[in-house]
Amino acid sequence: MKTDELIAVLSAGAAPVAPGVVRRRLLLACLIGGLGAAALVFGLLPYRDLITAAATWSFWMKVGYGALLGVGGFLLADRAARPGAPLGAAPYIAAAPVALIVAMAVYDLVKLPVSAWHGAWMGQSAGFCPIAVLVTAVPVFIAVAVAMRRLAPTRLRFAGAAAGLLAGGVGAAVYALWCREPSAMFVASWYTLGIAACAGIGALLGPRVLRW
Amino acid sequence: MLRGLAGEAKAHGEMLTAMSRYLRGYFGKRLGPGAADLEDLVQDTLLAIHLKRETYDTAQPFTPWAYMLARYKLLDHFRRTGAHRAVPLEDAGELLASDNPEEGAVRRDLNRLLSALPPRQSQLMQDVKITGLSMEEAAAKSGMSVSAVKVSVHRGLKTLAKRVRDEDR
């Protein structure tokens with residue numbers, strides 16, 4: 001086909017584009033992936049009474065940590081899905097929750113006697129937690145990757161890392177509904193490790209799965 | 001581009017036509033003379049500009065967006081044809097290097113940059129750097145001395161260069 005004909009065909013099909021469509025698609029992907037993550041957590045793990053759990057401070061700390069990192073990942077993914085878009089404040093917003101949880105962990109360290117450090121740090125499930133975060137992140141990553149391929153990521157490694165961070169954040173927030181660990185030291189170590197692993201795996205997968 | 005996003009078919013077509021010229025220049029330089037797949041690559045990229053137009057953030061300049069799409073398509077082309085060639089990340093202006101900056105696609109980006117300067121300096125920059133008047137002609141037009149024009153244009157260039165660097169960060 002001649003280029004001129006192509007242009008004629010394309011401009012004939014130029015429907016108006018609603019602003020905000022990129023974010024809407026990513027948000028929809030997060031919702032679908034989040035539901036998948038919730039199905040995994042509540043389907044595979046033993047029953048937990050959410051109402052009593054929700055009365056504790058640590059419950060909201062953990063859910064909030066995952067959710068805030070998810071917001072940072074969302075903003076980075078939005079930038080990554082648009083060719084040539086400057087990052088703006090997104091990296092700082094993504095880093096802020098980590099700084100916050102580390103500050104809370106340091107506060108715990110100061111407050112607790114040294115003999116209690118190890119218990120607070122390892123909790124009951126230090127080995128399980130990062131893996132649980134990784135697994136719950138899988139449905140979110142799949143949904144976000146599908147959404148991203150319909151957008152236009154041009155730096156695939158970075159886009160993969162952003163999608164991984166978003167998936168890890170949402171996955172961790174969902175897993176936190178079930179998790180019983182009360183300490184900020186635990187969250188700062190093992191949640192962060194799980195989410196960082198998601199971002200790292202995302203960066204590895206990006207060039208393969210996000211190509212369009 | 002903006003009017004194309006609003007659904008104006010004619011404006012959209014004009015934008016694509018202008019882009020096809022830029023793309024032919026950009027790819028032509030990188031594929032070498034007489035490349036058989038040049039036109040395929042141009043069409044492929046036009047299609048991407050059309051299909052992915054929702055990813056253009058209207059608050060950002062248009063040129064870097066189009067440049068990154070074109071570069072992505074070029075890399076993709078090299079990957080598929082098995083040619084292992086590095087495509088350096090150049091200035092987005094490279095996309096338009098083969099054409100005249102008076103054209104519409106860059107006009108908005110340029111105006112946005114120039115609007116950061118005081119009006120008189122902005123006018124001088126337009127006259128000297130875009131229209132191509134000599135320093136003497138611009139001085140006569142603005143009623144300033146030739147050396148004042150030179151200083152003003154030089155400072156304007158420095159300001160703009162700094163702004164572009166800041167925006168890219």
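This report describes chain B, the contact between chain A and chain B, the salt bridges and a nonpolar surface patch in a predicted model.

## Architecture of chain B

Chain B contains 8 helices and 0 strands. Read from the N terminus, its elements follow the order α-α-α-α-α-α-α-α. Of the 169 residues in chain B, 44% are buried. The accessible surface of this chain amounts to about 8,700 Å², and carbon and sulfur atoms account for 55% of that area.

Contacts in chain B with a separation of 6 or more were also examined by their distance along the sequence. Within this set, 63% involve residues 24 or more positions apart. A separation in space can be given for one pair of residues: the C-alpha atoms of A116(B) and D44(B) are 36 Å from each other, and the two residues are 72 residues apart along the chain. A116(B) belongs to the loop between helix 5 (104-114) and helix 6 (119-131) of chain B. Its relative accessible area is 38%, so A116(B) is classed as partly exposed, a term for values between 20% and 50%.

## The interface between chain A and chain B

Together, chain A and chain B bury about 2,700 Å² in their contact, with 61% of this area on carbon and sulfur atoms. The residues taking part number 31 in chain A and 34 in chain B.

Polar contacts and salt bridges also occur across this interface. There are 9 residue pairs in polar contact between chain A and chain B, counting pairs with both residues at pLDDT 80 or more. On the side of chain A that touches chain B, the elements giving two or more residues are helix 1 (3-12), helix 2 and helix 7 (128-150) of chain A. Helix 1 of chain A contributes the most to that side, with 5 residues. The number of salt bridges found across the interface is 3.

## Salt bridges that join the two chains

Side chains of opposite charge can pair when their charged atoms come close. In this model, one pair that crosses between the chains is R25(A) with E54(B), whose closest N and O atoms lie 2.9 Å apart. R25(A) is in helix 2 (residues 21-44) of chain A, while E54(B) occupies the loop between helix 3 (38-51) and helix 4 (62-81) of chain B. Both partners, R25(A) and E54(B), are buried.

D76(B) and R211(A) form another salt bridge, with 3.7 Å between the closest N and O atoms. This pair joins two chains because D76(B) lies in helix 4 of chain B and R211(A) in the segment after helix 9 (184-209) of chain A. The two partners can be classed by their accessibility. D76(B) has a relative accessibility of 5% and therefore counts as buried, the limit being under 20%. R211(A), by contrast, has a relative accessible area of 24%, so R211(A) is partly exposed.

## A salt bridge within chain B and a network

Over all chains, the structure holds 11 salt bridges. One of the pairs lies within chain B, where the side chains of R24(B) and E39(B) form a salt bridge with an N to O distance of 3.0 Å. The pair connects distant parts of the chain, since R24(B) is in helix 2 (residues 9-31) of chain B and E39(B) is in helix 3 of chain B, 15 residues apart. R24(B) is partly exposed because its relative accessible area is 30%. E39(B), at 28%, is also partly exposed.

Salt bridges with shared partners also build a network. Its members are R23(A), D78(A), R79(A), R82(A) and D57(B).

## A nonpolar surface patch on chain A

Which residues form a nonpolar patch on the surface? The patch consists of L68(A), V71(A), I93(A) and L100(A), which together have about 330 Å² of accessible area. Helix 4 (57-80) and helix 5 (90-111) of chain A are the elements that give two or more residues to the patch.

L68(A), one of these residues, is located in helix 4 of chain A. With a relative accessibility of 43%, L68(A) counts as partly exposed. This value also exceeds the cut-off for patch residues, which must have over 30% relative accessible area.

Terms used. Residues numbered from 1 in each chain as written. Chains lettered and ligands numbered in written order. Predicted model: local features only at pLDDT ≥ 70, side-chain atom pairs only at ≥ 80, totals over all residues. Heavy atoms only, no water. Salt bridge = Lys/Arg side-chain N within 4 Å of Asp/Glu carboxyl O. Helix = DSSP H or I, 4+ residues; strand = E, 2+ residues; numbered from the N terminus. Buried < 20%, exposed > 50% of the residue type's maximum accessible area, 1.4 Å probe, protein only. Patch = residues over 30% accessible without salt bridge, like charges linked within 9 Å, V, L, I, M, F, W, Y side chains within 5 Å. Areas by Shrake-Rupley, 256 points an atom, 1.4 Å probe, with all protein chains shown as cover. Contact = heavy atoms within 4.5 Å. Buried area = accessible area lost by both parts, 1.4 Å probe. Polar contact = N/O pair within 3.5 Å; in protein donor to acceptor, adjacent residues only side chain to side chain.
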